[in-house]
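Here are a few short exercises to work through with the model open beside you. Try each task before you read its solution.

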Amino acid sequence: MKAKLPPRYTNADLQEALKAANSGQPLATVAKQFNIPKSTLFAKKNGLSDPIIKRRGPECILGEANEQKLVEWIFQMSEHGFPITKPQLMERVQILLKEVKKNSPFSKKGPGRHWFEAFLKRHPELTARLALNTHLTQATVSEQDVRDWFEKIKSYLTIKNLIDIDATRVFNSCEFGFHLSPRGQRVLAHRESKSTYNFIKNDEKECVTAQLCGNAAGQMVPPMVSFNYVRLPNNIRSLMPEGWGIGVSDKGWMTPAGFYTWMTDIFYPWLIENKIEMPVVLYLDGQSSYLTLEVSNFGREKGIEVIALHPNSTTFCQPFDVAVYHPIKDSWREQ
């Protein structure tokens with residue numbers, strides 16, 4: 001007996017076909033249009049079988065509902081200009097397993113090639129999207145790329161009725177890193193030497209980062225500063241200005257969890273306190289890895305439309321990078 005082959009249509013195809021059939025179109029016409037057997041459509045339309053494609057074999061590791069949320073997140077992030085790549089997807093799976101309190105069957109490195117290939121087979125609509133995302137994050141930016149990005153965002157904001165909003169509702173946020181030993185010391189070396197090094201102690205390369213944010217009207221949101229500590233010393237905490245956020249991480253860099261805290265505990269409350277009309281637009285670095293499922297859901301719920309700048313273009317497209325970061329960096333190096 002031959003094994004039953006999996007259907008060659010997706011759940012999305014099936015739902016569109018059922019919608020067409022329920023609108024009164026003949027089953028034979030719909031079956032031919034969507035390449036779905038007429039008997040299958042009849043059974044699912046009349047409740048004789050489940051109106052979705054049931055996956056054969058054991059349930060997927062995340063559970064079908066959680067995996068579907070993952071798929072929706074990938075498409076939503078792509079729509080907003082944040083291309084989710086394979087490594088980011090793998091990392092997200094590990095985090096999601098912890099959140100749903102399931103034991104991870106993977107190594108510390110996370111899901112491997114076999115899980116990824118099986119995931120794409122379950123969701124064939126993602127194959128082309130993930131391949132395109134990887135290309136976008138690695139590509140060199142051209143003038144036409146940037147112009148195309150502006151046209152795409154203009155079209156998206158027009159649909160959302162956010163194209164001509166007040167300057168107080170347009171924000172840019174980015175992460176600034178400050179090395180605590182920023183100024184390189186001059187050393188003597190052979191003039192033909194291409195690289196020279198001045199070895200310093202590890203703590204002299206310690207870094208803190210600040211998540212800065214402001215709007216087009218010139219208003220600044222309180223920043224969040226991340227330190228390279230497991231537990232922040234009280235003397236440092238006591239010196240922080242009132243209202244500023246404080247975070248800790250292994251290397252002093254902002255983490256996805258830290259960004260979520262900044263957004264929920266600092267940015268959104270500041271919007272409410274300053275009576276900023278919602279929704280607002282928040283532009284972020286196109287390479288940002290902080291747009292987790294939680295951040296995406298929170299922004300959608302509260303009316304924070306997060307838009308990514310074109311990948312690899314922030315040095316000349318991001319307002320904070322052009323107008324704020326370079327002067328601060330130059331001044332910091334001279335201290």
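**Exercise 1: a pair within one helix**

Glu143 and Arg147 sit four residues apart, about one turn of the helix, and both belong to helix 8 (residues 143-159). Helices here are DSSP runs of H or I with at least four residues, strands are runs of E with at least two, and both are numbered from the N terminus. Before we start, note that this is a predicted model, where local features need pLDDT of at least 70 and side-chain atom pairs count only at pLDDT 80 or more, while totals for chains, interfaces and linings use all residues. Residues are numbered from 1 along each chain as its sequence is written, and side-chain values use heavy atoms, with hydrogens and water left out.

Task: find what joins the side chains of Glu143 and Arg147.

Solution. Step one is the rule: a salt bridge needs a side-chain nitrogen of Lys or Arg within 4 Å of a carboxyl oxygen of Asp or Glu. Step two is the distance: N to O is 2.9 Å, so by that rule Glu143 and Arg147 form a salt bridge. Step three is the setting: Glu143 counts as exposed, at 54% relative accessibility (buried is under 20% relative accessible area, exposed over 50%, partly exposed in between, with a 1.4 Å probe and protein chains only).

**Exercise 2: two more pairs**

Task: state how many salt bridges the rule gives, then describe the pairs of Glu277 and Lys302.

Solution. The count comes to six. In one of them, Glu277 pairs with Arg169, with 3.6 Å between the closest N and O atoms. Glu277 is in the loop between helix 10 and strand 5 (280-284) and Arg169 in the loop between helix 8 and strand 1 (170-179), so this pair ties together parts 108 residues apart in sequence. Arg169 is buried, at 8% relative accessible area. Lys302 meets Glu301 in another salt bridge, 3.6 Å from N to O. Here Lys302 is partly exposed at 26%, and Glu301 is exposed at 59%.

**Exercise 3: following helix 10**

Task: compare the span of helix 10 with the expected one, then locate its kink.

Solution. First, helix 10 (residues 256-273) has 18 residues and reaches 25 Å from first to last C-alpha, close to the expected 26 Å (1.5 Å times one less than the number of residues). Next, a kink of about 35 degrees is centred on Met263; the bend is the angle between axes fitted to the seven residues ending there and the seven starting there. Met263 is also among the buried residues of helix 10, which include Trp262 and Thr264. Finally, just past helix 10, Lys275 has a positive phi of about 55 degrees.
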